[in-house]
Amino acid sequence: MILKPQKRISNKALTVWRISGVIKSVIGWSITATALFILPIFDVPFWVSIVLIVLGVIFPCLHIFIFPSLKWRSWRYEVREEEIELEEGIFIKTRTLVPMIRVQHVDTNQGPILRKFNLASVVVHTAATSHEIPALEEDEAEELRFFISRLARVAEEDV
């Protein structure tokens, strides 16, 4: 029987991702408005403007309302003595196993939006890449960082 990871990230992640979606939308609207202003100068067909306006409505709806909920529902993680298991993905599910013996160091990251909501992300670094567990409560992120680093040291000593 294959066990799936059970732990979830904070539900405050929804708010953080929605704020991020609003920021992306404002940037997208600025670019669209500039394009709509410039298009008549270059005699571009009118349908191009319609497509830009439709996309300017659809993408914000996706990035503010739909994707954050789907992303939050799909994100799970589990830290075991031998490995860290991550599961994520809206359309394509990705399950990653990171052996403790491969962990080189562990960081916590916290940008301004995460800080506002008392969240932090845990980043696990290996020689090849890094893996992030996003939007955990600050206390949980710190505890997880110490726990993983302790397990990684024990795993290295066993080699």
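Three short exercises with worked solutions follow.

The model is predicted: local features need pLDDT of at least 70, side-chain atom pairs count only at pLDDT 80 or more, and totals for chains, interfaces and linings use all residues. Residues are numbered from 1 along each chain, and side-chain values use heavy atoms, without hydrogens and water.

**Exercise 1. Place Ile-41 and decide whether Ile-41 is buried or exposed.**
- Find the loop between helix 1 (12-38) and helix 2 (46-74); Ile-41 lies there. Helices (H or I, at least four residues) and strands (E, at least two) are DSSP runs, numbered from the N terminus.
- Apply the cut-offs: buried is under 20% relative accessible area, exposed over 50%, partly exposed in between (1.4 Å probe, protein chains only).
- Ile-41 has 61% relative accessibility, so Ile-41 counts as exposed.

**Exercise 2. Describe the span, bend and packing of helix 2.**
- Helix 2 has 29 residues. The expected span is 1.5 Å times one less than the number of residues.
- That gives 42 Å; the first-to-last C-alpha reach is 40 Å, close to it.
- Locate the kink: about 40° at Phe-67, shortly before Pro-68. The bend is the angle between axes fitted to the seven residues ending at a residue and the seven starting there.
- List buried residues; among them are Gly-56, Pro-60, Pro-68 and Trp-72.
- The buried residues of helix 2 pack against strand 1 (7-8), helix 1, strand 2 (76-79) and strand 3 (83-88). Contact means heavy atoms within 4.5 Å.

**Exercise 3. Classify Ala-128 and give its distance from Arg-102.**
- Ala-128 is in the loop between strand 6 (119-126) and strand 7 (130-137).
- Its relative accessible area is 76%, so Ala-128 is exposed.
- Ala-128 and Arg-102 are 26 residues apart in sequence and 9.1 Å apart in space, C-alpha to C-alpha.
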